[in-house]
Amino acid sequence: MSDVPSDPSLDQRVLVFAPVGKDAPLTMDVLRRTDLDGCVCETAHELCVELQRGASVIMLTEEALEDPGIGELMECLRSQPAWSDIPVLLFADAERSEIYLRTLRLLEGLRNVVLLERPIRLGAALSLIRSAMRGRERQYELRDLLKAFADAREDAETANRLKDEFLATLSHERRTPLNSILGWTTMLRDGNVQPRHVMRALDTIHRNATAQVQIVNDLLDVSRIVRGNVQLSPRLMSLGPLLTLAVESITPTAEAKGVSISTSLGPAPAQVWADHDRLQQVLWNLLSNAVKFTSSGGRVEVTMITEGSEVRIDVADTGNGIAPAFLPHVFERFRQGDGSSTRSHGGLGLGLSIGRHLVELHGGRMTAQSGGEGQGSTFSVFLPIRHAEHRVAAPASRKRRPTGRELDLDGTHVLIVDDEADARELMRIMLTRTGARVSEAKTAGEALGIYSEDRPDIILADVAMPDQDGYALMRAIRGLAAGEGGHVRAIAVSAYARREDRQRALKAGFNDHVCKPVQLDDLYDALERVWVHGASPMLDQSARGVKVH
């Protein structure tokens, strides 16, 4: 008798222990004729064994109490789980008063025993059996309910533990880069950095700040996945050039670590219907993990082959491998093979979960294989092939723009609206070389006052501000007549970075949307779109992506 639900057919059995005469076979015959499942036990020990497997009712005759193992049966009944109180029907002969009284004394310690005097009418006996079975069925329902509660509690405790581990990991992953950023910036501010180390300090600050942005982007992706709000902008594309681009982007990191990368893309070009950026995110994450978990002198092999109607991409490495116990959980959010303070590699444990979800949104699947710790691992991506008569152009490599980029806004009045002084100062400095005249406002109300007195050509406005947000500001401005400046160009500069946040900004009246942390090139691109090229608000352009639930 277990707390774990057993075979339902065993739970419905009637166990019969009648060691004398024909009571057992006659009882079994009656049970069969009434479509009840019975099981004859030859000894008290066998009855205990069958009871552990599952039963609905126990039927005993008083002769069964003479069995040498009756004590074992009594103990078995006393030690039932809290939910269990199996009905026991005991048939005894009332005319033999001494035996009858001894039977009563023997059963005093038991909880759910019905003593029946023989002879008993068949109809009454069957009615008692069925009534006892209904009571037992309610006990099994209670068992299942308690099991469900226990499972839910275990799941909640596991989720809570994973949450705590994740928060601890997140704190570590945030504090570690911030340590370098804060340390170097403090030394730069205090003049404690020698001139030859300034570029090293700036590179370190930039690298660690970029890591912070990646953490935020991963958390936003998880939020979209949980809400079923991931959006794709798919198109027909050739997979080979995209895979080559991903390999080229990770090669410098691999070479610096002493890890070799080899590729085999197969002879036949494979075309898929995919979102370029999202699929590149998946491939880069797999390659990045492979390099990160492979020691110097190891290798990473990237292959692409066609299997029927699918294209398969394998990223295999000779690195740390995956423990067999962790392999089933490798794609779960916030799960890491080593979450201890002595782990060798950082990260939040989100990349693989995000990657698998993105692959599934493309109609594909992702799998993981490993021979165990120290045996390397292989991650495989399967995507459906799409055939087309025309040749698809390869995606262009995304090269870094040259430094020293210029934008001519001479004679243009730009109004910066942000409640954070540091944010306003940063954008003002970014606009220094453009020739624009810059005004600043820390609230929407102050911005409207400046707007009415000295109408700007361009507005760069934060969204989240106290009292009146950037959306309300733009709705107020767009409500003005054209002659009053209602057609001013406006760019939302916001830490709300989701695609739906961009759509909300455009719907409120902004012409464009730039995510914080603001990069100079991104700000210049937006200014070129809305001012140099005269782009007007186009909400439908922002919604071209396919919303996938």
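This report describes one helix, one sheet and the confidence of a predicted model.

The chain averages a pLDDT of 83, and 84% of the residues score at least 70. Two stretches with low values are listed below, together with the contacts that the model gives them.

| Stretch | pLDDT | Contacts in the model |
|---|---|---|
| residues 338-346 | under 50 | 12 contacts beyond four places in sequence |
| residues 389-403 | below 50 | 20 contacts beyond near neighbours in sequence |

Helix H3 spans residues 44-53, and its buried residues are Ala44, Leu47, Cys48, Glu50 and Leu51. In an α-helix there are 3.6 residues a turn, so residues three or four places apart point the same way. The buried residues of H3 pack against three strands, namely S1 (14-17), S2 (38-40) and S3 (57-61), and also against helix H4 (70-78). Just after H3, the backbone at Gly54 takes a positive phi of about 140 degrees.

Further along the chain, five strands form an open sheet in the order S15-S14-S16-S17-S18, and their pairing is parallel. Strand S15 (437-441) and strand S18 (512-515) are the edges of this sheet, each of them pairing on one side only. On average, with direction ignored, neighbouring strands are turned by 20 degrees against each other. Strand S17 (residues 489-494) runs parallel to S18 and is joined to it by four bridges, and Ala492 stands opposite His513 in S18. Helix H12 (residues 444-453) lies across S15, strand S14 (413-417) and strand S16 (458-461), and it runs at about 140 degrees to S15.

How values were computed: Residues numbered from 1 in each chain as written. Predicted model: local features only at pLDDT ≥ 70, side-chain atom pairs only at ≥ 80, totals over all residues. Heavy atoms only, no water. Buried < 20%, exposed > 50% of the residue type's maximum accessible area, 1.4 Å probe, protein only. Helix = DSSP H or I, 4+ residues; strand = E, 2+ residues; numbered from the N terminus. Contact = heavy atoms within 4.5 Å. Pairing = 2+ DSSP bridges. Axes fitted to C-alpha atoms, helices over the stretch in contact; angles between N-to-C directions. pLDDT = per-residue confidence, 0-100.
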